[in-house]
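Visitor: I would like to take a close look at a single part of this model. Please go through it slowly, as I am new to reading structures.

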Amino acid sequence: MKILVAGAMGRLGRRLCPYLASRGHTVLAPSRHEVDWAYTGDVEEYLNGKSLDVVIVLAAYTNVPKANVEKVACKRDTVGTARNIALWCKRNNVRNIYVSTDYVVPLMMGEKSGYYAKCKKMAEEVTIDNGGQIVRMAFVTPEQVSGWSFVNAYTLSHRWWVEDAARALVRYLSLGKTPQVADLGPKSPTTPYEMLLERYPDHPALGHLVRTPQEMERLIGYSAPADTRFFKIFEV
């Protein structure tokens with residue numbers, strides 16, 4: 001297939017593109033300097049005439065803690081990007097896969113969450129409204145881990161290491177019929193604490209365990225949800 005990855009220079013995109021290419025796919029991986037996905041003119045100019053089979057949307061606002069104060073940027077880069085690509089894919093009959101996150105789960109359960117999660121949920125909705133597909137997954141990267149000064153031991157998730165997430169997304173693409181919304185992740189919930197313990201057992205953040213929402217809020221200004229487990233893991 002001929003696949004375009006929007007957000008190819010990000011943490012997941014950098015791992016995903018080589019895996020796709022190794023399976024024989026033709027991969028287009030433009031940088032943010034080449035195309036601003038939140039700007040309709042850039043999207044039209046870049047995508048028109050490419051004869052694509054699939055667009056995988058990873059591009060979005062990424063600074064989760066700052067989203068609550070940079071709301072305009074967060075909505076532009078997340079929702080605007082999703083809308084522009086979804087509309088183009090619908091007009092051109094191209095498969096559109098939006099990669100979302102477990103941050104939306106609390107909202108789906110009627111709980112409060114930050115503005116980042118709200119924008120991701122809006123991006124999901126505009127994708128679905130225009131015939132696209134949602135793949136929800138959560139991952140951790142070595143770059144993120146290197147900056148951790150504490151780890152969260154109370155929030156449950158289905159997080160993968162980023163390499164595992166990239167391989168799972170490639171497997172998902174190779175399947176035939178897939179649901180409009182697919183939750184991908186390890187079968188067992190994994191906390192950030194457990195992930196560090198498995199790969200970086202000497203990491204200093206293991207000595208600072210955050211066990212309550214109150215302590216999390218004191219440290220970073222908001223509390224993590226108590227549970228971000230996906231409702232049903234889609235087998236890949």
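Visitor: In which sense do strand S1 and S3 pair, and over how many bridges?

Guide: Please keep in mind that this is a predicted model. Strand S1, which covers residues 2-6, pairs with S3 in the parallel sense, and the pairing runs over 4 bridges. One of the places to look for this is Ala6, whose bridge partner in S3 is Val57. S3 also pairs with strand S4, made of residues 95-100, again in the parallel sense and over 4 bridges. Here you can pick out Ile56, whose bridge partner in S4 is Ile97. To pass from S3 to S4, the chain goes through helix H3, residues 71-92, and this β-α-β crossover is right-handed. If you now turn to the faces of S3, residues 54-57, you will find both of them covered, since Val54 and Ile56 on one side are buried, and so are Val55 and Val57 on the other.

For a helix to set beside this strand, consider H7, residues 162-174, whose 13 residues should span 18 Å at 1.5 Å a residue, and whose end C-alpha atoms are 19 Å apart, which agrees. Its buried residues include Val162, Ala165, Ala166, Leu169 and Leu173. The axis of H7 comes within 9 Å of the axis of helix H1, residues 11-22, and the two cross at roughly 50 degrees. H1 and H7 are therefore oblique to each other, and their crossing is right-handed.

Definitions and conventions
Residues are numbered from 1 along each chain as its sequence is written. This is a predicted model: local features need pLDDT of at least 70, side-chain atom pairs count only at pLDDT 80 or more; totals for chains, interfaces and linings use all residues. Side-chain values use heavy atoms; hydrogens and water are left out. Buried means under 20% relative accessible area, exposed over 50%, partly exposed in between (1.4 Å probe, protein chains only). Two strands pair if DSSP finds at least two bridges between them. A crossover is right-handed if, with the strands pointing away from the viewer, the path from the first strand over the helix to the second runs clockwise. The expected span of a helix is 1.5 Å times one less than its number of residues. Axes are lines fitted to C-alpha atoms, for helices over the stretch in contact, and angles run from 0 to 180 degrees between N-to-C directions. Angles under 35 degrees count as roughly parallel, over 145 as roughly antiparallel, 65 to 115 as roughly perpendicular and the rest as oblique. A crossing is left-handed if the near helix is turned anticlockwise from the far one by less than a right angle, and right-handed if clockwise.
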